[in-house]
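This explanation leads the reader through the contacts between side chains, beginning with charged pairs and then turning to aromatic rings. Please keep the structure in view while reading.

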Amino acid sequence: MSSEKTLYEKLGGEPAIDATVELFYDMLLKDELVAPIFAKTNMKRQRRMQKSFLIHVLGGTPYDGKNMRVAHAKLNLTEEHFNRVAVTLAKAMTTLGVSQDLVDEVIAIAATTKDDVLGREPKKPFSLNEHLPYVLAGVAVGGAILYRYYSK
């Protein structure tokens, strides 16, 4: 078995996640942009589910909640909402004394959920093979335009 600690363990385990989530939601509920999203939310349940999710993605116990796409589907969230929540999570962790390198790791993990939370298809990495016909067509058209321009 590996002796390297999980991110969950490095952060301080369940007590640290509990404290982070409590402060995180206290901060979010004071934020004019995101507080309205939680207007009809059972916050006790929300906090419990967030703790469960974070414990799971940080290397703790399995998560038994909804997947991110389903859980956020009806909220009409924007990039601004997602970014504000991520910044607030980072602020909560920093306020609690979490080191910047660990905060960065947590935010990097949170960023992997962005497409699902916002209900959009993941962006595929650029593939030259997939786009080669279009690239070559662009080069050919550009070459033809330059040839006509300079051959006058």
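Asp31 has a relative accessibility of 15% and therefore counts as buried, the limit being under 20%. The model in which this value was computed is a predicted one. What does the side chain of Asp31 meet in a salt bridge? The partner is Arg84, with a distance of 2.9 Å from N to O. Asp31 belongs to the loop between α2 and α3, whereas Arg84 belongs to helix α5 (residues 79-95), so this salt bridge ties together parts that lie 53 residues apart in sequence. Arg84, at 29% relative accessibility, counts as partly exposed, because the partly exposed class covers values between 20% and 50%.

Side chains of opposite charge can pair when their charged atoms come close. For the structure as a whole, the count comes to 7 salt bridges. Among them is the pair of Arg47 and Asp26, whose side chains meet at 3.1 Å, N to O. Arg47 is located in helix α3 and Asp26 in helix α2, so the contact ties together parts that are 21 residues apart in sequence. Arg47 is buried, with a relative accessible area of 12%, while Asp26 is partly exposed at 36% relative accessibility.

A further salt bridge joins the side chains of Asp18 and Lys51, at 3.7 Å from N to O. This pair links distant parts of the chain, since Asp18 is in helix α2 (residues 13-28) and Lys51 is in helix α3 (residues 43-57), 33 residues apart. Asp18 is partly exposed, with a relative accessible area of 25%; Lys51, by contrast, counts as buried at 17% relative accessibility. Which residues are linked in a network of salt bridges? The network consists of Asp18, Glu22, Asp26, Arg47 and Lys51. Both the Arg47 and Asp26 pair and the Asp18 and Lys51 pair are thus drawn from the residues of this network.

The aromatic side chains come next. A pair of aromatic rings is described by the distance of the centres and the angle of the planes. How many aromatic pairs does a search of the whole structure find? The search finds 2. Phe24 and Tyr25 form an edge-to-face pair, with 4.9 Å from centre to centre and 65° between the planes. Phe24 counts as buried at 4% relative accessibility, and Tyr25 is buried as well, with a relative accessible area of 1%.

Tyr25 also forms an edge-to-face aromatic pair with Phe38, at 5.6 Å centre to centre and with 90° between the planes. This arrangement is called edge-to-face because the planes are over 60 degrees apart. The pair links distant parts of the chain: Tyr25 is in helix α2 and Phe38 is in the loop between α2 and α3, 13 residues apart. Both of these residues, Tyr25 and Phe38, are buried. Phe24, Tyr25 and Phe38 together form one aromatic cluster.

The final stop is Ala111, which is placed in helix α6 (residues 100-111). Is Ala111 buried or partly exposed? At 44% relative accessibility, Ala111 counts as partly exposed. The C-alpha atoms of Ala111 and Asn83 are separated by 9.0 Å, and the two residues are 28 residues apart along the chain.

Terms used: Residues are numbered from 1 along each chain as its sequence is written. This is a predicted model: local features need pLDDT of at least 70, side-chain atom pairs count only at pLDDT 80 or more; totals for chains, interfaces and linings use all residues. Side-chain values use heavy atoms; hydrogens and water are left out. A salt bridge is a side-chain nitrogen of Lys or Arg within 4 Å of a carboxyl oxygen of Asp or Glu. Helices (H or I, at least four residues) and strands (E, at least two) are DSSP runs, numbered from the N terminus. Buried means under 20% relative accessible area, exposed over 50%, partly exposed in between (1.4 Å probe, protein chains only). Rings of Phe, Tyr and Trp (its six-membered ring) pair if their centres lie within 6.5 Å; planes under 30 degrees apart count as stacked, over 60 as edge-to-face and the rest as tilted.
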